[in-house]
Amino acid sequence: MTKRLGLLTSGGDCGGLNAVIRAVTRHAAGTYGWQVLGIRNGTMGLLRRPPDVEPLDPERLDAAMMRLGGTVLGTTNERDPFAFRMPDGNFADRSAEIIEAYHTLSLDALIGVGGDGSFAILRRLAQKGRIPFIGIPKTIDNDVRGTEASVGYDTAVWVATEALDRLQPTAASHDRVMILEVMGRDAGHIAIAAGIAGGADVILIPEIPYRLEKIAAHIEALRRRGRNFALVVAAESVKSPQGEWVYRFHPGGQKSYGGIGAVLADAIAALTGAETRVTVLGHVQRGGQPTAGDRLLASAFGVAAVDLLVAGRFDRMVAWRNRSVVDIPLAEAIAGPHLVDPDGPLVRTARGLGICLGEG
Ligand code: F6P
């Protein structure tokens with residue numbers, strides 16, 4: 001009997017999501033003859049009546065799809081169905097509506113592409129609604145526990161690296177200290193990786209407290225050696241010299257990290273007399289063509305997730321470890337964020353290269 005699989009993307013978008021959608025659909029439909037229903041805008045699609053879904057045709061999901069940024073299914077990162085903000089400002093539990101839609105659509109299983117926040121919600125829904133569920137990790141932040149890589153991270157690192165490549169000549173032309181603020185929410189994975197790959201002089205990540213004097217001394221030392229510029233990379237969740245996180249407040253009531261680059265630029269200018277400029281990379285890190293690495297990871301995860309469902313192994317997340325795809329309990333993946341290890345290989349690499357991490 002033909003089975004029906006629901007597929008949704010949830011949380012912030014990133015490079016490689018369409019490659020996941022393509023891989024899941026091609027393998028489920030092409031190899032196993034399943035029908036795949038794409039659910040629009042994460043769980044929001046199952047709150048609509050009729051549910052906002054579209055059948056995914058493997059013939060239409062050709063390789064061009066892999067080259068597209070974003071997600072053709074749409075996504076949302078604001079709406080928790082267990083505490084759903086209603087128009088009157090109150091919160092309601094709308095999880096039963098989602099579960100009802102899942103069963104009305106006669107779905108046999110669900111694959112969700114998300115980060116740890118989305119997985120916590122999707123797992124709760126799956127348990128409440130007896131839904132066979134598999135998670136595929138995606139996030140530019142790369143902070144999902146249990147996997148060495150999440151879809152979207154490689155693309156974000158590449159975008160940030162390319163930004164440093166572009167900042168270096170203009171920094172050198174104008175004798176400036178350039179500060180590049182990158183995303184990563186509470187983890188410094190993008191900053192440390194792009195900083196190393198892009199030849200940064202200073203890398204600041206939330207996992208390693210910094211002292212401004214150390215940064216200033218490093219820039220002075222570069223000057224004494226004849227360097228007329230410096231490149232600084234800061235993760236958005238690095239605290240200000242006063243020990244505060246720097247946020248942007250949005251008219252809708254949400255807040256997100258943003259602005260630490262400018263704070264650091266002023267502080268570094270005051271301490272060193274250097275001319276400073278700031279680039280906030282923002283959502284550029286999430287868009288554009290996914291890298292080959294993300295397309296490969298997305299394809300491998302998509303195929304493995306379908307195989308897990310076929311094998312009847314649910315409540316799990318596919319993960320990348322030691323150059324292969326494995327699967328782990330979802331409970332493990334949502335047990336807390338995976339942060340940069342302050343003594344891990346990338347931090348040791350940065351130290352070994354003489355990159356200043358502001359520590360000490
Ligand atoms: O989690 C991905 C991410 O891009 C973070 O790096 C960033 O802090 C956040 O999402 C931005 O969220 P929004 O899309 O709501 O601006």
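Start with Cys14: this residue is buried, with a relative accessible area of 0%. Keep in mind that we're looking at a predicted model. Cys356 is buried as well, and its relative accessible area comes out at 9%. What about cross-links? A disulfide is a covalent bond between the sulfur atoms of two cysteines. The structure holds 0 disulfides.

Now let's turn to the aromatic rings. The structure holds 2 aromatic pairs. In one of them, the ring centres of Tyr247 and Tyr257 sit 5.2 Å apart with the planes at 15°, and since planes under 30 degrees apart count as stacked, that's what this pair is. The pair links distant parts of the chain: Tyr247 belongs to strand β11 (residues 247-249), while Tyr257 belongs to strand β12 (residues 255-257), with their positions 10 residues apart in numbering.

Are these two tyrosines buried or exposed? Tyr257 is buried at a relative accessible area of 16%, because buried means under 20%. Tyr247, on the other hand, has 27% and is therefore partly exposed. The two tyrosines also have company: Phe249 joins Tyr247 and Tyr257 in one aromatic cluster.

Tyr247 is worth a second look, this time for a charge over its ring. Lys255 lies over the face of Tyr247, at 4.1 Å from the ring centre. There's a lysine over a tryptophan too: Lys239 lies over the face of Trp245, here at 4.5 Å from the ring centre.

So Tyr247 is a handy place to centre your view: it stacks with Tyr257, shares a cluster with Phe249 and has Lys255 over its face.

Methods: Residues numbered from 1 in each chain as written. Predicted model: local features only at pLDDT ≥ 70, side-chain atom pairs only at ≥ 80, totals over all residues. Heavy atoms only, no water. Disulfide = S-S within 2.5 Å. Buried < 20%, exposed > 50% of the residue type's maximum accessible area, 1.4 Å probe, protein only. Phe/Tyr/Trp six-rings, centres within 6.5 Å; stacked < 30°, edge-to-face > 60°. Helix = DSSP H or I, 4+ residues; strand = E, 2+ residues; numbered from the N terminus. Lys NZ or Arg CZ within 6 Å of the ring centre and 35° of its normal.
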